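Got the viewer open? Here's a short walk through this one, stop by stop, with something to select each time.

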Amino acid sequence: MAQIRLNFLALSDSSFSFTVFRKPKDVGEKLDKTQMAYSFTNEETQLRCNYIISFSSDQNFEPYKVSSHDFIGLTKKFLLLRLLSSISNSSNTYKFYHYKSFTDEQIEFVLEEFAEGNRIIVLTPYYLEEQNKFGFLIDFKFAKNKDVVFNKHVQRLSLSLDDNFRSNKNYYSDKYHIIQNFISNSYPSWARIQIGNDLPLEISNQLTEVPSFLLGKKEYLFNINNAAYSQFQGLRNYGPFKKIDQDVLFVFIFETRFKSFANQLYLSLLGKLNPGTFSGFESMFKLKFGLSNVKQISLNSNDQNELKNVAQTVKNLAFGYEKVIGIFVEDHDEENKITTSPNYYYLKYNFIKEDIPLQVVNYRTLGEKNSLKWSTSNVALAIFSKLGGIPWIVKPSNTNCLILGIGSSHKIDHETGEVSKYFAYSVCLDSSGLYKSLEVLADETEHSHYLEKLQSNLVNLLNSGKYSNYTSCVLHLPFKIKHREIEALTKALAQVSSMEFIVIKINLDNKFFGYSTHNTYVPYESSFIKLSRNEYLVWFEGLLYGKEIVDKRMGNPVHIQFLNLPGTKSFDERKYLQDVLNLSGANWRGFNAKSIPISIYYSQIIAKYTKAFETLDSYDESILSNERPWFL
């Protein structure tokens, strides 16, 4: 069994007691910022009573001894305060801060300061349930200054890019060595924390080794259920899982200044410009593509007067064809998030309204040397998928299983800071990664109405008969979803008796990390470790057996938590972890695209689109409910 070094520094003893101060809480009594509320058993009545808790003595508060395992959250707060005291009274040489956000608290040490922000080390109190140990998570982060635009310099400082601004192949080893250097340089200043009058507890200076396990490799199915472990090779060898049999018209849309690039794009999609990397639409996707079914619309500019009739023009050109798609060349600075085609979203929205797929090609990115050569296959894949073709599916772990990726895009009033609109939707898939539809679940201005709609529309969706052939349903929730939204979804599921339900929270941006014993420090792909009875850490990217070479920056592990539902039967969590992993290979935005489960990734993309669409006149959210994956 392989071991992974979790970014966790354990305490020498996790069974200890400490003193707090408490008093009974009156109904409606307010707490100050230093106080907390906990429920204790009254020693005389043996009934549970609410108490106000403080770590400092005050009038009407009495001392009370608490065991470390009585209240895990309270113990973590206590450990953080004791660590702060220890550092403040030591010869620590690093500038440090006590950072608090909602329920999370941590200590941040500043390693280096830059104009773009600070490189920091973060210590966060944590209870590793699987090993019954208290301690501190330790991680390296780059904290970008709020007024700094995200760019390649920020990516380099955060280790995403190397010093030459290329993908940082040494991401894992760089992080590991930064953390080890910090421990070596500062350990004496935080090595021990005092618990009352007892002997101090020691914090380990070694990352905790935990056993790791392996899920199965992602396996892809193609034409006539032929299987392969590579998306590209499988598609090239066997053809798509479902090809497009209808006649298709391809309409190139571009400003006259991009005519030369549009011609290059056409030749590349035809397979004549870069046949070594993309052999052509007909060869790869079994889809006719050439002068006989390609037309163009040339624009003088990209303002709304030019764009407002483009969708209708494409529709008119498509007379006699069963399918049509627009291919729009635009100029967009992705690094600085500046669009020099400000009406791109206007065009995208109007195509969705007309139910015509649109593929956008960024001249700024693909016009660079060799970019088109390596990107044409991804552009072709997205076009094929938007037209209704199915390039591949993944071999599922659970059959007859519907997966709903729940997303939201709330509109904030910039003047008041309050939410002015609540919007939620569901990306409907099955466990093979097959896209079904996008359904709007709620679009309200009042939070209470929003929760009611979220609940009732999910019930209606699941009872509609549209998905009656599925025997189970898994909800994939983003980490930032609110507790009251989860409650509304849970109540909805309780009203549907036709399926078994599992609810999973998937956190892509989490506080956990881990390192293998391999000299690259990168764990193997599909490795996972167990953190608690219902929490796991999974590596969607990593080393491949027999090919232990890192040729790109490997992503962070993903934190996965199973939420307990009333009445849920026992189930094999490993099978559902496998399906989450599999869905990271069902991304039709590109070959070997971002290794994130599409139930969450597609929701992120849709949220960005809806935020931009809201600025358009006459925006109608209902048109987004669509069985075509327009967001690819």
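**Stop 1: two loops with an unusual backbone**

Start by selecting Asp-355, which sits in the loop between helix 9 (344–353) and strand 22 (358–362). Keep in mind that you're looking at a predicted model. Check the backbone here: phi of Asp-355 is near 60 degrees, a positive value in a residue other than glycine. That's worth a click because most residues other than glycine have a negative phi. Is Asp-355 buried, partly exposed or exposed? With a relative accessible area of 43%, Asp-355 is partly exposed.

Now jump to Asn-400, in the loop between strand 23 (393–394) and strand 24 (401–408). Here again phi is positive, about 50 degrees, although Asn-400 is not a glycine. Asn-400 is partly exposed, and its relative accessible area is 43%.

**Stop 2: strand 26 and its partners**

From that loop, carry on into strand 24 and then select strand 26 (residues 419–430) as well. Strand 24 and strand 26 pair antiparallel, over seven bridges. To see one pairing, show Gly-407 and Tyr-425: Tyr-425 in strand 26 is the bridge partner of Gly-407.

Next, add strand 25 (residues 411–412), which runs antiparallel to strand 26 and is joined to it by two bridges. Look for Ile-412, which stands opposite Val-419 in strand 26.

Then bring in strand 27 (residues 435–444), which pairs with strand 26 in the antiparallel sense over eight bridges. A handy pair to label is Val-427 and Leu-438, the latter being the bridge partner in strand 27. Follow the chain round the hairpin of strand 26 and strand 27: there are four residues between the strands, and Gly-433 takes a positive phi near 85 degrees.

How much of strand 26 is covered? Mostly, it turns out: nine of its twelve residues are buried.

**Stop 3: zoom in on Ser-426**

Stay in strand 26 and select Ser-426. Its relative accessible area is 0%, so Ser-426 counts as buried. Which residues does Ser-426 touch, leaving out those up to four places away in sequence? Show Leu-404, Gly-405 and Ile-406, then Ser-437, Leu-438, Glu-439 and Leu-441. You've already met Leu-438 as the partner of Val-427.

**Stop 4: a three-stranded sheet**

Clear the selection and pick out an open sheet of three strands, with the order 13-1-30 and antiparallel pairing. Its edges are strand 13 (208–211) and strand 30 (514–515), each of which pairs on one side only. Strand 1 (residues 3–6) is joined to strand 30 by two bridges, and the two run antiparallel. Click Leu-6 and you'll find Gly-514 of strand 30 opposite.

**Last stop: zoom out**

Show the whole protein chain, with its 15 helices and 33 strands. The C-alpha trace spans about 85 × 55 × 50 Å along its principal axes. For 632 residues, a compact globule would have a radius of gyration near 26 Å, and the 27 Å of the protein chain agrees with that.

Try colouring by burial: buried residues make up 52% of the 632 residues. The chain exposes about 30000 Å², with carbon and sulfur atoms supplying 46% of it. If you colour by charge instead, there are 70 positive and 67 negative side chains, and the centres of the two sets lie 5 Å apart. Finally, of the contacts with a separation of 6 or more, 67% come from residues 24 or more positions apart.

Terms used:
Residues numbered from 1 in each chain as written. Predicted model: local features only at pLDDT ≥ 70, side-chain atom pairs only at ≥ 80, totals over all residues. Heavy atoms only, no water. Rg over C-alpha atoms; globule rule 2.2 N^0.38 Å. Buried < 20%, exposed > 50% of the residue type's maximum accessible area, 1.4 Å probe, protein only. Contact = heavy atoms within 4.5 Å. Areas by Shrake-Rupley, 256 points an atom, 1.4 Å probe, with all protein chains shown as cover. Lys, Arg positive; Asp, Glu negative; His and termini not counted. Charge placed at Lys NZ, Arg CZ, Asp CG, Glu CD. Pairing = 2+ DSSP bridges.
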